[in-house]
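Opening the notebook on a new chain today. I want the overall counts, then the sheet, then a few surface spots.

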Amino acid sequence: MHSEQDTAQLNLDEEAARYGERVADEPSARADFVELCLPLAHRLAHRYRGRGEPFADLEQVARLGLVKAVDRYDAERGSFTAFAVITILGELRKHFRDRTWGVRAPRRLQDLVVQIRHAGSDLTNTLSRAPSTTELADRLHTTTDEVDKAMLSAAGYTLLSLNAPVTSPGSGGGTAERGDLIGEVDGDLAAIDDRLTIQSLLDRLPERERRILILRFYGNLTQVEIAQRCGISQMHVSRLLSKTLTWLRHAMLSDTPPHWGEVDDTGLGAPRLRVTTTPAGGGTLTVSVGGEVDRDSADELRQAILNGLARRPNRLHLDLSAVPFLDAAGIAALVSGYQEARRAAVEFRLRGTQPHVRRILAVARLPYM
């Protein structure tokens, strides 16, 4: 056998020398030489047969390594056969290291797994039993922690398919796939606490807000359809939905849910407007407004402006810094107050407007600072 290897090595080296002479003049020389060396790649791939990888894949890797050896070979560095064997075996080992692990483990653990297998086989023959982790660590001059990590990493080399058939208990002898036996998080079960909390918070809402919320998220109605049913504007529906959802978020994140707010005589939960009138020097009167101005509070705002004009100031400044929302009814109240101020020759200005309110005032062409 030794003589046959020497003959094969000598023949390949001679062919490599001939290839070096032909490659410059004959384009087909490379392909002919690679085809001549294919049996070498086949024999080297055969060494790794039975390690869990299809032989066709191993042979393909070996052939690619052979092509790399042919392209990189330099005749001045010695035997082609030795260089080709080293290159092909390196490609095969790299394939097992990088392509065959189901879960990628660090390189040091991959190498340690191989050492543990060899050491375990030797110690089993010596001790006539399976070696312990401490004995393996002593044999390999490493720590028991590293051995445990390597053995745990070895479980990631070959993965079980979720589609593999298994016999499930109570199936009457039938088979099921492994994936069918793996449990998963029940989203409905995880949401029970939230649903119970929401249910208790819905009971705290005013009737109108609760009805709008139910029509929107349980009845799947649009804001326009809800507005028609409730007899209010679509903008008002949008505002109430936003306010209700904001309150629900705060209530769910707090141990003690906040109070919904002041409720008027109709029980509909409409917030009352806060109006403060403050005289200043130079004949200026400031009317500070707080709260949302909508259909329910627009008349109160209009009356506050008229009461201020009745005091005959030179200038009437309306402070809206505490007004987060202004709907069409609120705009109508401001326009009415502005017209009354012009008739009374009183300078009328809006101050401290928030961005949302400022955009509405710009459309209505009302003076603001």
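These are my notes in the order I looked things up.

**Overall**

I'm working from a predicted model, so I keep that in mind throughout. I counted the secondary structure first: the protein chain has 15 helices and six strands. Next I checked burial, and 34% of its 369 residues count as buried. The chain exposes about 22900 Å², and I see that carbon and sulfur atoms supply 51% of that area. I also looked at contacts between residues at least 6 apart in sequence; 56% of these join residues at least 24 apart.

**The sheet**

Which order do the strands take in the open sheet? I read 3-4-5-6, four strands with mixed pairing. Strand 3 (274-280) and strand 6 (347-351) are the edges, each pairing on one side only. From one strand to the next, the twist averages 20°. I then looked for what packs on the sheet and found helix 14 (residues 328-343), which touches strand 5 and strand 6. The direction of helix 14 makes about 150° with that of strand 6.

**Strand by strand**

I started from the strand 3 edge. Strand 3 and strand 4 run antiparallel, joined by seven bridges. They make a hairpin with three residues between them. I checked phi in the turn, and Gly282 has a positive value of about 75°. At this hairpin I noted one bridge pair, Ala280 with Thr284 in strand 4.

Moving on, strand 4 (residues 284-290) pairs with strand 5 (residues 315-322) in the parallel sense, over six bridges. Thr284 turns up again here, standing opposite Arg315 in strand 5. I also wrote down Gly290, whose bridge partner in strand 5 is Ala322.

Why do I call strand 4 largely enclosed by the rest of the structure? Six of its seven residues are buried, so the label follows. The cut-off for buried is under 20% relative accessible area.

Strand 5 and strand 6 run parallel too, with five bridges between them. Asp319 has Arg351 in strand 6 as its bridge partner.

**Faces of strand 6**

Side chains in a regular strand alternate between the two faces of the sheet. I went along strand 6 to look for this pattern, and the side chains do alternate. Phe348 and Leu350 point to one face and are buried. Glu347, Arg349 and Arg351 point to the other face and are not buried. Arg351 is also the residue I had just paired with Asp319.

**Just before strand 6**

I stopped at Ala345, in the loop between helix 14 and strand 6. Is Ala345 buried or exposed? Its relative accessibility is 68%, so it counts as exposed, the cut-off being over 50%. I took one distance from here: Asn314 is 7.9 Å from Ala345, C-alpha to C-alpha, with their positions 31 residues apart in sequence counted as separation.

**A nonpolar patch**

Last, I left the sheet and went over the surface. Leu189, Ile192 and Leu196 form a nonpolar patch there, with about 310 Å² of accessible area together. I picked Leu196 to check on its own. It lies in helix 9 (residues 192-202). With a relative accessible area of 58%, Leu196 is exposed. That closes today's entries.

Notes:
Residues numbered from 1 in each chain as written. Predicted model: local features only at pLDDT ≥ 70, side-chain atom pairs only at ≥ 80, totals over all residues. Heavy atoms only, no water. Helix = DSSP H or I, 4+ residues; strand = E, 2+ residues; numbered from the N terminus. Buried < 20%, exposed > 50% of the residue type's maximum accessible area, 1.4 Å probe, protein only. Contact = heavy atoms within 4.5 Å. Areas by Shrake-Rupley, 256 points an atom, 1.4 Å probe, with all protein chains shown as cover. Pairing = 2+ DSSP bridges. Axes fitted to C-alpha atoms, helices over the stretch in contact; angles between N-to-C directions. Patch = residues over 30% accessible without salt bridge, like charges linked within 9 Å, V, L, I, M, F, W, Y side chains within 5 Å. Salt bridge = Lys/Arg side-chain N within 4 Å of Asp/Glu carboxyl O.
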